[in-house]
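Colleague: I am new to this structure, and I would like to go through it with you slowly. Could you show it to me before I ask how its descriptions are justified?

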Amino acid sequence: MPRKVFISILGAGFYEECAYTDGQNQFTSTPTRFIQQASLELVGANGWTEEDRVIIFLTKKARELNWNKTITERKRYGKDTPEPYKGLEAVLQEMNLKAQVEDKDIKDGMNEAEIWEVFQTIYDTLQEGDELHLDLTHSFRFLPMLLLVLGNYAKFLKGTTIKNIVYGNFEVRNAQNEAPIISLLPLVSLQDWTFAAANYLQNGRATQLEELVNE
């Protein structure tokens with residue numbers, strides 16, 4: 001069985017609580033400040049095993065403001081009075097997942113060298129044949145592109161597969177304070193078709209196209 005690996009990058013913002021849905025009335029998450037909890041519920045991570053991994057990547061600021069289990073309160077931007085606030089580390093512990101939860105430091109990506117270091121840090125956590133579940137919600141600036149490129153890079157060099165890639169659209173939550181989780185997996189499929197078509201046109205090899213058609 002391939003190892004299931006959930007990858008998400010935690011931001012430093014003050015996150016409001018809401019419930020997340022799949023937009024098809026088949027899934028509604030526990031109300032949460034953190035999309036990571038909702039995404040893990042969506043992919044059924046509570047049924048994963050000790051061999052699987054939940055890996056959260058953190059800048060220094062994200063670790064201090066949104067990760068540490070010692071966080072009990074936080075000030076909203078522009079406010080002087082702190083509010084009750086729980087870090088993601090504590091939230092994940094309360095989920096009682098069997099999968100191992102790992103937190104990994106990454107640079108802010110302020111220059112090209114730091115961007116490549118972030119790429120290498122994430123890539124080095126992957127093993128041959130991993131089944132990847134990616135959450136891009138807090139992957140700001142260059143990070144969504146980095147994760148998409150990294151997914152294809154790891155597919156060819158480590159034989160990984162991308163099973164889920166999602167974005168929690170908090171900004172369009174409804175009157176019931178529910179926000180949709182949008183699947184971006186079609187973007188990965190489009191890349192697969194593009195590579196397969198290019199291989200056919202350039203090399204006359206139709207094997208990849210045949211496999212995609214059969215799927």
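The conversation below takes up the overall form, then the sheet, then the cores.

Colleague: What kind of model is this, and how many helices and strands does the chain have?

Modeller: This is a predicted model, and its chain has seven helices and nine strands.

Colleague: What makes the chain as compact as a globular protein of its length?

Modeller: The radius of gyration is 18 Å, and the globule rule gives 17 Å for 215 residues; because the two values are close, the chain counts as being as compact as a globular protein of that length. Along the principal axes, its C-alpha atoms fill a box of roughly 65 × 45 × 35 Å.

Colleague: How much of the chain is called buried, and on what ground?

Modeller: A residue is buried if its relative accessible area is under 20%, and residues of this kind make up 45% of the 215 in the chain. The chain exposes about 11,900 Å², of which carbon and sulfur atoms supply 51%.

Colleague: Why are S2 and S6 said to stand at the edges of the sheet?

Modeller: The sheet is open and has seven strands in the order S2-S9-S8-S7-S1-S3-S6, with mixed pairing. Strand S2 (19-21) and strand S6 (100-105) each have a single partner strand, so one side of each is left without a neighbour in the sheet, and that is what places them at the edges. From one strand to the next, the twist averages 25°.

Colleague: How do you know that S1 and S7 are paired?

Modeller: Two strands pair if DSSP finds at least two bridges between them, and S1 and S7 have five, in the parallel sense. Within S7, leucine 134 is the bridge partner of isoleucine 7. Helix H2 (residues 60-67) packs on the sheet, where it touches S1, S3 and S6, and its direction makes about 135° with that of S6.

Colleague: Which residues have the most contacts inside the largest nonpolar core?

Modeller: They are Ile122 and Leu146, in a core of 24 residues. Among the elements that each supply at least two residues of this core are strand S1 (4-10), helix H4 (112-124) and helix H5 (143-158), and H5 gives the most, with six residues.

Colleague: What does leucine 146 touch, leaving aside residues up to four places away in sequence?

Modeller: Leucine 146 touches Ile115, Val118, Phe119 and Ile122, where touching requires heavy atoms within 4.5 Å. There is also a second, separate core of 21 residues, which includes Val54, Ala62, Trp67 and Leu92.

Notes
Residues are numbered from 1 along each chain as its sequence is written. This is a predicted model: local features need pLDDT of at least 70, side-chain atom pairs count only at pLDDT 80 or more; totals for chains, interfaces and linings use all residues. Side-chain values use heavy atoms; hydrogens and water are left out. A nonpolar core is a set of buried Ala, Val, Leu, Ile, Met, Phe, Trp, Tyr and Cys residues joined through side-chain atoms within 4.5 Å. Buried means under 20% relative accessible area, exposed over 50%, partly exposed in between (1.4 Å probe, protein chains only). Helices (H or I, at least four residues) and strands (E, at least two) are DSSP runs, numbered from the N terminus. Axes are lines fitted to C-alpha atoms, for helices over the stretch in contact, and angles run from 0 to 180 degrees between N-to-C directions. The radius of gyration is taken over C-alpha atoms; the globule rule is 2.2 Å times the number of residues to the power 0.38. Accessible areas come from the Shrake-Rupley method with a 1.4 Å probe; for residues, only the protein chains shown count as cover.
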